[in-house]
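Please read the following as a guided walk through a single model, with the sequence and the coordinates open side by side. The route begins with a helix and moves on from there.

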Amino acid sequence: NLVPMAEILKKANKEGYAVGGFNINNLEFLQGIIEAAEEMNSPLILQTSEGAIKYIGIDYVIGMVEAATKNTTIPVALHLDHGSSFEVVMKCIRHGYSSVMIDGSHYPFEENVRLVKKVVEAAHSVGVSVEAELGKIGGTEDNVSVDEKDATYTDPDEAVEFVERTGVDALAIAIGTAHGVYKGKPELDFDRLTDIKSKLDMPLVLHGASGVPTEDVEKAVKLGINKVNVNTDFQQAFTERIKEIFDEKPDLYDPRKYCGPGRDAIKAKVKEKIKMLGSQNKA
Ligand SMILES: O=C(COP(=O)(O)O)N(O)CCCCOP(=O)(O)O
Ligand code: NA
Ligand SMILES: [Zn+2]
């Protein structure tokens, strides 16, 4: 009982809120995230990077997510984050993912269009949603100069052509965010977001949300972002809690004694993010 991401995001776009694309890295991330979303009555997009699939094992991902969603009343999608090839996308679809990202943002425009079009045809033929990316989301934050912005940030007119030619359900745009921990304060290009949304009234995705001030994420949601990806903030919440536990009790060796509190820390952080995105009671 997974749902296609497109359904979740269509409602979010219509009603002006965003839904978390929360990455799972192990059992505790999955449990913390799904419990928080259920208690907040929020729709949820669970996502795994290719690295997480390698670490967990795709059969375990599917098995754990099936267990997590067996009795749930909230709409949940299982999404491949940053899919790097048609082959990986098809593997996830075959295993039961309800949504996939094919990330061709580092290819030339025409190559990105060709690859994404191929994925959309295959995925849509079996009811699976597709996210793609145009523009370059930074890997590590460093101050982007103006001309670099035009070289790396999403061009609104290109975005219109891209969506028309590919038929994607959601578009990840580059407006100043970066994956991971920021060095400086990220400056989001809200004018560019406004311009893109005015030309493309469709679900838009913000990557790299960890480390972006809450008020900036809230503003981006108001301006038309409908999916917000978060990973690092949850990884840091988990890790910091475990460090605290070991500071207090260095001789602990039962993993439940430190992974359990780590799970609780993730859950608390997820609730904060759901409040920030406005998806509480939108299930
Ligand atoms: O946009 C985001 C989240 O960005 P954030 O971590 O800044 O919140 N994402 O798409 C998550 C990226 C996860 C990468 O995971 P691996 O290390 O397993 O490859
Ligand atoms: Na980030
Ligand atoms: Zn990302």
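In this predicted model, a convenient place to begin is helix H11, in which Thr232, Asp233, Phe234, Ala237, Phe238, Ile242 and Ile245 are buried. The cover over these buried residues of H11 includes strand E1 (19-23), helix H2 (27-39), strand E8 and helix H12 (256-277). An α-helix has 3.6 residues a turn, so residues three or four places apart point the same way. The length of H11 can be checked as well: its 17 residues (232-248) should span 24 Å at 1.5 Å a residue, and because the C-alpha atoms at its ends are 24 Å apart, expectation and model agree.

The residue at the start of the buried set, Thr232, leads directly to the ligand, since a polar side-chain atom of Thr232 lies 2.6 Å from an oxygen atom of ligand 1. Backbone atoms take part too: a polar backbone atom of Gly208 is 2.8 Å from an oxygen atom of ligand 1, and a backbone N or O atom of Gly180 lies 2.9 Å from an oxygen atom of the ligand. The protein covers 77% of the 510 Å² of accessible area that ligand 1 has on its own, and the elements that give two or more residues to the surrounding shell are strand E3 (76-83) and strand E8 (225-230). In total, 15 residues surround ligand 1, the closest being Ser49, Asp81, Gly208, Ser210 and Thr232. By character the residues of this shell divide into 3 nonpolar, 11 polar and 1 charged.

Strand E3 also holds His82, which has a positive phi of about 55° although it is not a glycine. Most residues other than glycine have a negative phi, and most peptide bonds are trans. A further case is Asn281, again not a glycine, with a positive phi of about 60°; Asn281 is found in the segment after H12 and counts as exposed because its relative accessibility is 54%, where the cut-off for exposed is over 50%.

Helix H12 itself contains Lys267, and one may ask whether Lys267 counts as buried or exposed. Its relative accessibility is 17%, so Lys267 counts as buried, the limit being under 20%. Leaving aside neighbours within four places in sequence, Lys267 is in contact with Gly32, Glu35, Ala36 and Glu39.

In the loop between H2 and strand E2 (44-48) sits Ser42, which counts as buried because its relative accessibility is 1%. Apart from residues up to four places away in sequence, Ser42 touches Ala37, Ile74, Ile274, Ser279, Gln280 and Ala283, and with Ser279 there is a polar contact between the two side chains, at 2.7 Å. For a sense of scale, the C-alpha atoms of Ser42 and Lys136, 94 residues apart along the chain, are separated by 29 Å.

The last stop is helix H6, where Phe109, Asn112, Val113, Leu115, Val116, Val119, Val120, Ala122 and Ala123 are buried. These buried residues of H6 pack against helix H5 (86-95), strand E4 (99-102), strand E5 (129-134) and helix H8 (156-166). Here too the length is as it should be, because the 17 residues of H6 (109-125) are expected to span 24 Å at 1.5 Å a residue and the end C-alpha atoms are 24 Å apart. Just after H6, Gly127 takes a positive phi of about 75°.

Note on methods
Residues numbered from 1 in each chain as written. Chains lettered and ligands numbered in written order. Predicted model: local features only at pLDDT ≥ 70, side-chain atom pairs only at ≥ 80, totals over all residues. Heavy atoms only, no water. Near = heavy atom within 4 Å. Polar contact = N/O pair within 3.5 Å; in protein donor to acceptor, adjacent residues only side chain to side chain. Areas by Shrake-Rupley, 256 points an atom, 1.4 Å probe, with all protein chains shown as cover. Helix = DSSP H or I, 4+ residues; strand = E, 2+ residues; numbered from the N terminus. Nonpolar A, V, L, I, M, F, W, Y, C, P; charged D, E, K, R; others polar. Expected span 1.5 Å × (residues − 1). Buried < 20%, exposed > 50% of the residue type's maximum accessible area, 1.4 Å probe, protein only. Contact = heavy atoms within 4.5 Å.
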